Amino acid sequence: MGLTGIEIFKLLPKTNCGDCGVPTCLAFAMNLASGKAELDACPHVSEEAKEKLAADSAPPVRPLTVGAGDYAVKVGGETVLFRHEKTFVNKPGLATLVTTDEDEASVNGKLERFKACQFERVDLNLRPEMFAVKDTSGDAAKFTALAKKISDATGAALILMSDSVDALKAAATELKDQKPMIYAATADNADALGELAKETGCPLAVKGDGTLDGVIALTQKLTGMGLKDLIIDTGTRDLKKAFEEQIHIRRAAIKDRFRPLGFPTIVFANEMADDLLNEGVVAATFIAKYAAFIVMSDVKPEVTFPLLLERLNIYTDPQRPMTAEQGIYPINNPDENSPVLVTCNFSLTYFIVGGEIESSRQPAWLLVQDTEGLSVMTAWAAGKFNGETVGTFVSKCGIMDKVKHKSIVIPGYAAAISGELEEELPGWTVVVGPREASHIPKFLKEFKPE
Amino acid sequence: MAFEPAKQKYTGSIREVVLGTGDKAVKIGGRSAYPFYTFEGEMPNPPKVAMEIWDKDPNGEWSEVALEPFKDVVSDPVAWAKKCVEEYGAEILVIQTKSADPNAENKPAVEVAEVVKKVVDAVDVPVVVWGVANHEKDTEVMRAVAEKCAGKNVAIAPVEEGDYKQIGAACLGYKHTVVASSPIDVNLAKQLNILLNNLGVPENKIVIDPTTGGLGYGLEYTYSVMERITQAALTQGDDKLQQPIICNVANEVWKCKEANQTTEEAPELGDQKTRGVMMEAVTAIDLLLAGADVVVMRHPEAIQLVKGFIEKMM
Ligand code: B12
Ligand code: SF4
């Protein structure tokens, strides 16, 4: 990826045997550089060259997974600095801290709130997925028991935090099938924790001394030991400086392919603010700017939900709005006398409107017109949701065979299309519905199609 | 060898625009790096939080939690404005002329302008007058506002392609600032700035409104269009986009369903006030990170969080 054709050429056998399908090694090298060929096509390439080329084509930010099963968190794999350039691919994991000196009621409260903190939205389940378990006394048995309790009760992905190598060893060995993150290797214990990460196959965080040079020394040492799945904590706890570091790290990884910083990062919002709301401010900053894991001191829906929405927004593919399929959606068992409503196929719109109809408990038919994923007003402004398009869709979709009446409800914001639509649908009554979907239940309770 | 972080090269900077007049005038813009990237460029003027008031009683339209801090003043725009400035330390005030909305109260333009004038006279901080995005009505209202508030350098929003000639001319005539509003599109933002320049509106009198989407309701589009505008302005030398940006945050966020559901209606979403405050604060933070120079906000607690954020990031 990063190497030029000429640089790749230098690594090839230079025999021009043609077995790869092109006449010369140079031509093959050029194809590799531009992504048109796969290295496997050359049967003669040396092991050493293979390794070099593989390392070069590896993603700039190491992809890795913490946790196993349902709550596994995949991070890294990012290739851009700005989401409009391509897309941010792997959402940061959100973690709640529990410590070994916390009383049982407090721990259980967090477990319950974590389990309840799940929200259905646009057909996705939004939820935090991690716990950071912190040992405060060096008591390996107590630490392991707490980590195991949380893992068993929730299935959450874990970050195991301790200053004691023995405590980490006990907990990571016990839970290694759950792939917890081991936190953290420092200049003092890197050898021991490097070994532990190798033995258990768990990802390992490094904690720097507040400088990127310190981080680099650590990741170089550990990659030298053969470790690949590393996570960076720079050690900084000041918002402004941490922000700067996140940018330098991502830039170095992506722009310069600087491997020692090509790892996902972790941010401790709980150590950077004095209350949960301000922790939320820190978390919001690093959801936008590049953290892969964010730890907070508690999980509460009123703080976590806005952050989950933010994460969803920032990590949505900017090139392609999420869409629902065009068609007729029966809601609450409608019959031939039930009202017919029409909307666009932007997922968000469809799920909001569908959700409101469902919660109204009134049977209805929802027609979803393909607007290429544009919302009602956007589609209207773009000429994709007007009298003609809606009229054609309503006539052809088959709803006329399903109902006896001739009324169609349009979104309040699309009031302007009602005249045009009446012309397109002779004999039909076009009813302008409420503007906001939240008023649909009240509307449906009073509305009778004719 | 010590690690040397790569630096972004910037070829342009955002122009400075002054809102208001006198001691409390506020200078925005002037940045020559990405937002808060002060390790590789200048950010002479910290971004500002503007507080919004409505020119009509928002009872029935605002949720209780948003209304609560202003309960005693919402029926009196002047008292409301004063409370924002004196009690909450607002550095910029936004008056939303909701009473003018042809789909609702449809108050005559002169009456609307009179209330605006009273508010402008009652406070010493800069005022932004934000219309209802109806070209005919905004034109009427803003012409009257421009005339009555002559000499105050108010900022008038939203000035769109469909009404820029009328409103732009009024701003030009009475030396007010134009908030050029376009629907989430780099090229349309640029084009409107060019049109305004051609009309004679000087560059130091133009602020961009890129159109704001709320958290969970289109925020991601606004976020990216702002990052693109910022990149074009700072790294691609596009001098037609080198204007400061204002985002009408509260108006969008507090429309969202989840900001309005009460704790009883949606217990799974937790305490309503904190939820609404966090939704507003998170949206503002994202937009500041994307390049906003002014965010228009409502809830005093959300404002406090965001001001704290700006302070730490400068
Ligand atoms: C995000 C956004 C975009 C995104 C697209 C997002 C998308 N997937 O649609 C982008 C950046 C691509 C975009 C582009 C454009 N946009 Co745009 N965009 C917005 C924005 C900020 C939010 C829209 C949104 O997502 N709303 C959320 C969804 C859920 O709302 P909704 O679909 O309307 O559904 C609600 C209601 O209508 C109701 N409802 C829905 N269906 C039904 C059905 C029934 C029966 C009932 C009763 C109710 C109901 O329930 C929902 C919740 O309450 C708005 C401004 C704003 N703040 O609202 C402008 C806005 C819609 N865009 C606008 C414009 C002009 C455009 C462009 C034409 C600009 C241009 N010339 O390029 C383009 C067109 C796109 C194209 N050519 O491809 C204008 C439309 C103005 C108008 N009224 O004519 C707006 C209002 C901005 C403005 N003030 O100028 N846009
Ligand atoms: S197969 Fe390998 S050695 Fe033969 S020409 Fe292709 S690149 Fe060269």
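Guide: A nonpolar core is a set of buried Ala, Val, Leu, Ile, Met, Phe, Trp, Tyr and Cys residues joined through side-chain atoms within 4.5 Å. Buried denotes under 20% relative accessible area, exposed over 50%, and partly exposed the range in between (1.4 Å probe, protein chains only). The model is predicted: local features need pLDDT of at least 70, side-chain atom pairs count only at pLDDT 80 or more, and totals for chains, interfaces and linings use all residues. Residues are numbered from 1 along each chain as its sequence is written, chains are lettered from A and ligands numbered from 1 in the order in which they are written, and side-chain values use heavy atoms, with hydrogens and water left out.

Visitor: How many residues does the largest nonpolar core have, and which have the most contacts inside it?

Guide: In general, nonpolar side chains of soluble globular proteins tend to be buried together. Here the largest nonpolar core has 203 residues, and F286(A), I408(A) and F309(B) are those with the most contacts inside it. Helix α10 (residues 272–290) of chain B supplies the largest share of this core, 11 residues. Helices (H or I, at least four residues) and strands (E, at least two) are DSSP runs numbered from the N terminus. Domain 2 (64–314) and domain 3 (327–446) of chain A each give this core at least three residues; the domain bounds come from an automatic or database domain assignment.

Visitor: With which residues is F286(A) in contact, leaving aside its neighbours within four places in sequence?

Guide: Contact is defined as heavy atoms within 4.5 Å. With those neighbours left aside, F286(A) is in contact with L239(A), A242(A), F243(A), Q246(A), V267(A), M272(A), A291(A) and I294(A). There is also a second, separate core of 21 residues, and A95(A), L97(A), M161(A) and V295(A) are among its members.

Visitor: How is chain A divided into domains?

Guide: Three domains are assigned in chain A: domain 1 (5–57), domain 2 (64–314) and domain 3 (327–446). The C-alpha centres of domains 1 and 3 of this chain lie 57 Å apart. Along the principal axes, the C-alpha atoms of chain A fill a box of roughly 80 × 70 × 35 Å. Chain A contains 16 helices and 17 strands, and 55% of its 450 residues count as buried. For contacts in chain A between residues at least 6 apart in sequence, 67% join residues at least 24 apart.

Visitor: Is S360(A), in helix α12, buried or exposed?

Guide: S360(A) belongs to helix α12 (residues 347–360) of chain A. S360(A) is buried, with a relative accessible area of 2%. Not counting residues up to four places away in sequence, S360(A) touches N332(A), P441(A), L444(A) and K445(A).

Visitor: Which residues of helix α2 of chain B are buried?

Guide: In that helix (residues 77–87), the buried residues are P77(B), W80(B), A81(B), K83(B), C84(B) and V85(B). The elements they pack against are β3 (48–54), β4 (93–96) and α3 (109–122) of chain B. After α2(B) comes G89(B), which has a positive phi near 65 degrees.

Visitor: How many salt bridges are there over all chains?

Guide: Side chains of opposite charge can pair when their charged atoms come close. The rule for a salt bridge is a side-chain nitrogen of Lys or Arg within 4 Å of a carboxyl oxygen of Asp or Glu, and it gives 36 over all chains.

In one of these pairs, E48(A) and K52(A), the closest N and O atoms are 4.0 Å apart. The two residues are 4 apart in helix α3 (residues 47–57) of chain A, which means that about one helical turn separates them. E48(A) is exposed at 57% relative accessibility, while K52(A) is partly exposed at 46%.

E245(A) pairs with K241(A), with closest N and O atoms 3.4 Å apart. They too are 4 residues apart, in helix α9 (residues 239–255) of chain A, and so about one helical turn apart. E245(A) is buried at 6% relative accessibility, whereas K241(A) is partly exposed at 35%.

D317(A) and R320(A) form a further salt bridge, with closest N and O atoms 3.8 Å apart. D317(A) is partly exposed at 23%, and R320(A) is exposed at 56%. In chain B, salt bridges with shared partners join R15(B), E203(B), D239(B) and K240(B) into one network.

Visitor: Which residues are around ligand 2?

Guide: A residue is near a molecule if one of its heavy atoms lies within 4 Å of it. Around ligand 2 lie P13(A), T15(A), N16(A), C17(A), G18(A), D19(A), C20(A), C25(A), F28(A), C42(A), P43(A) and H44(A). This shell consists of 7 nonpolar, 4 polar and 1 charged residues, where Ala, Val, Leu, Ile, Met, Phe, Trp, Tyr, Cys and Pro count as nonpolar, Asp, Glu, Lys and Arg as charged, and the others, Gly among them, as polar.
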